[in-house]
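Welcome! Here are some short exercises to work through with the structure in view, each followed by a worked solution.

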Amino acid sequence: MIIVDKLCYLSKLRYVNPMEKFAFAMLTLIFCIVSRSIAMGVFVIGVNSWLTIVRGGISAARYRNLMMVPLAFLILSTAAIIINIGKRPLDAFAVPIGSWYVTGSFAGILHGAQLITTALAAVSCLYFLSFNTTMTDILSVLRKLHVPALMIELMLLIYRYIFVLLDVAYYISTSQSARLGHKDFKTSIKSFASMVQALFIRSMKRSRNLYDAMESRGYDGEIRVLEESHPTSKRNIYYIVLYETALLAFTLWFKLWR
């Protein structure tokens with residue numbers, strides 16, 4: 001079981017109505033992207049972190065480690081916006097290298113900070129949804145929103161095959177390690193290439209077996225799963241409306257009157 005799937009089944013917010021969690025996460029994500037405000041980004045990250053850690057019961061250390069992955073990627077990707085190489089020094093910093101400068105401007109730093117906080121806030125919204133809601137509940141919400149059935153079927157099958165691929169890759173990697181397949185870098189590269197080749201062949205074989213098994217059980221183009229019933233909470237809806245209204249007001253102020 002991958003860590004995200006494990007966390008959502010252990011979360012204390014698992015049995016909260018999935019439509020409430022979906023609406024909260026998606027509306028918050030939209031307001032973050034529209035406003036692109038550093039203050040809102042930091043605030044949303046704080047709120048989502050509190051909900052996931054305190055209310056959801058997920059380990060703070062594990063949540064921090066999971067947030068560090070997109071943060072490292074964002075810092076590296078925005079470095080090209082902040083750092084420039086030119087013959088003219090800019091106003092924030094300038095490191096001379098011969099007749100050239102490694103330099104940056106305050107406007108570039110501000111733009112980079114906006115991108116990082118906005119993207120990280122959006123990631124925290126998706127983390128809140130995925131860490132506290134099972135995949136079957138998310139698909140149930142999408143059905144109620146009349147998302148095309150074909151798209152939902154593809155999502156379910158892709159989600160299922162993530163586990164299939166990870167399971168096959170785990171056993172292949174364990175077998176290679178038992179045969180000293182990772183004793184050095186060169187051997188590790190060869191073992192990885194062999195694993196990818198074997199993984200493709202075995203996954204294709206398992207996919208055919210799975211499709212045959214589905215057809216033998218009356219598969220007619222739609223996968224039907226049992227859905228749990230989660231009652232709505234007027235209190236949660238009230239807090240969501242209040243919170244999203246505040247974010248909407250801040251977004252309008254930031255975009256129109258700031």
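**Exercise 1. Work out whether D167 is buried, partly exposed or exposed, and place it in the structure.**

Start with the relative accessible area of D167, which is 32%. Next, compare that value with the cut-offs: buried means under 20%, exposed over 50%, and partly exposed in between, using a 1.4 Å probe and protein chains only. D167 is therefore partly exposed. Its place is in helix α7, where helices are DSSP runs of H or I with at least four residues, numbered from the N terminus. Finally, D167 lies 155 residues from K12 in sequence and 27 Å from K12 in space, C-alpha to C-alpha.

A word on the source: this is a predicted model, in which local features need pLDDT of at least 70 and side-chain atom pairs count only at pLDDT 80 or more, while totals for chains, interfaces and linings use all residues. Residues are numbered from 1 along each chain as its sequence is written, and side-chain values use heavy atoms, with hydrogens and water left out.

**Exercise 2. Check the span of helix α3 against its number of residues.**

Helix α3 covers residues 38-55, which is 18 residues. The expected span is 1.5 Å times one less than the number of residues. That gives 26 Å for α3, and its end C-alpha atoms are 25 Å apart, so the two agree.

**Exercise 3. Find which residues of α3 are buried, and what covers them.**

The buried residues include M40, V44, V47 and L51. An α-helix has 3.6 residues a turn, so residues three or four places apart point the same way. The cover over the buried residues of α3 includes α2 (18-35), α4 (60-82), α5 (106-132) and α9 (234-257). After α3 comes G57, with a positive phi near 80°.

**Exercise 4. Describe the largest pocket: its volume, its lining and the class of its residues.**

First, the volume: about 420 Å³, taken as the space filled by probe spheres set on the grid points, which are joined across faces, edges and corners. Second, the lining: 15 residues, with L51, R55, N236, Y239 and I240 nearest the centre. α2, α3 and α9 each give two or more residues to this lining, and α9 gives the most, with five. Third, the classes: ten nonpolar, one polar and four charged. Here Ala, Val, Leu, Ile, Met, Phe, Trp, Tyr, Cys and Pro count as nonpolar, Asp, Glu, Lys and Arg as charged, and the others, Gly among them, as polar. A pocket is an open set of points on a 1 Å grid over the protein atoms alone where a 1.4 Å probe fits, with protein on both sides within 12 Å along at least five of seven lines; lining residues have an atom within 4 Å of a point.

Technical notes:
Contact = heavy atoms within 4.5 Å.
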